[in-house]
Amino acid sequence: MEYKVFTKSVELSEANKNYLAKRMSKPDHLLKKQKDLVSPADVRITKERGIYKVEITTHVKALSKIIKVEERSNDLYEAIDKVTDALERKIREIKTRLHPKNLSDKGIPVNPKEAVLTRTDNLDYEDEFSEKPVAPKIARVKHHDLTIMNVEEAILQMQLLGHSFFVFRDSTNDAVSVLYERKDGNLGLLVFNE
């Protein structure tokens, strides 16, 4: 898989570069028949307080979606292993979603002899794919009234429900707000001004 490396606060040795190249070639067997399924990846490696963060970002042309995987470890090799495994899982998921059998199960007519991907970006070369991309469908709709509460009550309610986010109307400023869990374990708060 093609990629570009960007580093911050890290000096990669030749051994590190070779190991990364070996691990980044791993998803190639998934892309044999669809070499242009994803664009060249950006690999960002940073080190902060003794922890390596490796992040891979690539664009899935067929779905106009971005794949972004990120892993952290105090060992660079372990972080590279984890993040490339996560990338491989994501590519597998996408290929499964785009498989003719899975598309026909969703009521989309598919000719199994043809590829099922569609490029939605405007590139200069010819598009060899003909079917439309599959958008995720809404499986369930829930209606809720926005409850007026303060942030502390919203945190408690979110934890009681076991959800990763919670929407409420903030009693202090009457704004619609979204409380959410961040990857670092802290909470974030989005406040929508009217």
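1. In this predicted model, the side chains of Asp81 and Arg23 meet in a salt bridge, with a nitrogen-to-oxygen distance of 3.4 Å. The pair links distant parts of the chain: Asp81 belongs to helix H2 (residues 76-97) and Arg23 to helix H1, and 58 residues separate the two. Arg23 is buried, with a relative accessible area of 13%. Asp81, by contrast, is partly exposed, at 23%. The cut-off explains the two labels: Arg23 counts as buried because its 13% falls under 20%, whereas the 23% of Asp81 lies between the limits of 20% and 50%.

2. The structure holds 13 salt bridges. Side chains of opposite charge can pair when their charged atoms come close. Among these contacts is the one between Asp174 and Arg169, whose side chains meet at 3.9 Å, N to O. Here Arg169 is buried, with a relative accessible area of 19%, while Asp174 is partly exposed at 45%. Salt bridges with shared partners also join Arg23, Lys26, Asp81, Asp85, Glu88 and Arg92 into one network. The Asp81 and Arg23 of the opening point therefore both belong to that network.

3. A further salt bridge is formed by Glu70 and Arg72, in which the closest N and O atoms are 3.0 Å apart. Arg72 counts as partly exposed, at 47% relative accessibility.

4. The strands deserve separate comment. Four of them form an open sheet in the order S1-S2-S3-S4, with mixed pairing. S1 and strand S4 (65-73) stand at the edges; each has a single partner strand, so one side of each is left without a neighbour in the sheet. From one strand to the next, the twist averages 15°.

5. Within this sheet, S2 and S3 run antiparallel and are joined by seven bridges. One residue pairing can be named: Ile51, in S3, is the bridge partner of Glu48. As for the helix packing, H1 lies across S1, S2 and S3, and runs at about 140° to S1.

6. Which backbone angle of Arg49 draws attention, although the residue is not a glycine? Arg49 has a positive phi, of about 55°. The residue is found in the loop between strand S2 (41-48) and strand S3 (51-60). Is Arg49 buried or exposed? It is exposed, with a relative accessible area of 79%; the label applies because this value is over 50%.

7. Ser9 likewise is not a glycine and has a positive phi, in this case of about 65°. Its place is in the loop between strand S1 (3-8) and helix H1 (14-24). Ser9 counts as exposed, at 57% relative accessibility.

8. The last point concerns the surface. Leu146, Phe165 and Val167 make a nonpolar surface patch of about 250 Å². Of these residues, Phe165 is placed in strand S6 (residues 165-170). Phe165 is partly exposed, with a relative accessible area of 47%. Phe165 can be part of the patch because its 47% exceeds the requirement of over 30% relative accessible area for patch residues.

Note on methods:
Residues numbered from 1 in each chain as written. Predicted model: local features only at pLDDT ≥ 70, side-chain atom pairs only at ≥ 80, totals over all residues. Heavy atoms only, no water. Helix = DSSP H or I, 4+ residues; strand = E, 2+ residues; numbered from the N terminus. Buried < 20%, exposed > 50% of the residue type's maximum accessible area, 1.4 Å probe, protein only. Salt bridge = Lys/Arg side-chain N within 4 Å of Asp/Glu carboxyl O. Patch = residues over 30% accessible without salt bridge, like charges linked within 9 Å, V, L, I, M, F, W, Y side chains within 5 Å. Areas by Shrake-Rupley, 256 points an atom, 1.4 Å probe, with all protein chains shown as cover. Pairing = 2+ DSSP bridges. Axes fitted to C-alpha atoms, helices over the stretch in contact; angles between N-to-C directions. Contact = heavy atoms within 4.5 Å.
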